[in-house]
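Colleague: Could you please take a close look at a single part of this model and describe its surroundings in one connected account?

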Amino acid sequence: MKKISMFLMTLMLLLGLSVSGHATLILRGTDSLGNRLIYDNDLDITWYDYTTRDSWGNSMSWADALSINFGGAIYDDWRLPSSVDGPPVRSPDSGAPLNYESYNITGSEMGNLYYTELGNLGYCDTAGNCPQPSFGLTNTGPFTNLEASYYWSGTEYAPNVFSWVFNFYDGGQFLADNPTPDPAYALAVRDGDVASVPEPSTLLLLGSGLAGLAALRKRLGRKEG
């Protein structure tokens, strides 16, 4: 029995390592329309890998009305990504106007995705050197529909009639007039994870472990007999 217990403990440890060893962006699968759902276990949010392009108001309505069938489960609690709200951090020029792009702002959901999760570089580095080499959306990770362009945020700037925008072309964040008929891209996101099917590597590991357990029990049964 001790051997079986040790085997089970080892199997659980290996399974735990196989899950925890993943990157923070985890592809959960595709919905009924073939679009990817990507879980960020750093912020505990799920991205919907589909890009639309419209005005801010229409993009807000699109995300709010979005209903996705994923593995038979319906998810209808989508929204536009949230952003940092407050006096704009203007980098590198502190005297720039509100619509000047600020870089290396990782506190917003899109900023965290661009810089932290995907590892892309902004047009300016943290010391204010512009442009820094290899800036831009050079890595999209598991996303297949991420555009190197402007994306609406669902966060409005409280003191004025503006909405935050994130630029996936160069990692900049800035404010745009709101309401505005001008179109920009939009991604939907929701809080929490979605149900997922174990990845093939995890299933293979589990199957191998169970097969080994069955063989061990058979050998021990022969000895006891």
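**The surroundings of Asn35**

Modeller: Apart from residues up to four places away in sequence, Asn35 touches Gly29, Thr30, Tyr48, Asp49 and Tyr50, where contact means heavy atoms within 4.5 Å. The model is predicted, so local features need pLDDT of at least 70 and side-chain atom pairs count only at pLDDT 80 or more, while totals for chains, interfaces and linings use all residues. Residues are numbered from 1 along each chain as its sequence is written, and side-chain values use heavy atoms, with hydrogens and water left out.

Asn35 lies in the loop between E1 and E2; strands (E, at least two residues) and helices (H or I, at least four) are DSSP runs numbered from the N terminus. With a relative accessibility of 13%, Asn35 counts as buried, a term for residues under 20% relative accessible area, as against exposed over 50% and partly exposed in between (1.4 Å probe, protein chains only). Its side chain also makes a polar contact of 2.8 Å with the side chain of Tyr48. Such a contact is a pair of N or O atoms within 3.5 Å; within protein, one must be able to donate a hydrogen and the other to accept it, and residues adjacent in sequence count only if both atoms are side-chain atoms.

The loop belongs to a hairpin of E1 and E2 with five residues between the strands, and Gly34 in the turn has a positive phi of about 90°. E1 (residues 25-30) and E2 are antiparallel and joined by five bridges; DSSP must find at least two bridges for two strands to pair. Thr30, one of the residues touched by Asn35, stands opposite Arg36 in E2.

E2 (residues 36-40) has four of its five residues buried, so this strand is largely enclosed by the rest of the structure. On leaving E2, the chain enters another hairpin, with E3, in which four residues separate the strands and Asp44 takes a positive phi near 60°. E2 and E3 run antiparallel with five bridges, and Asp40 stands opposite Ile45 in E3.

E1, E2 and E3 are also among the elements that cover the buried residues of H3, a helix with eight of its nine residues buried. Phe143, leaving aside neighbours within four places in sequence, is in contact with Leu25, Ile38, Trp47, Asp49 and Leu113. Asp49 is thus a contact of Phe143 and also of Asn35.
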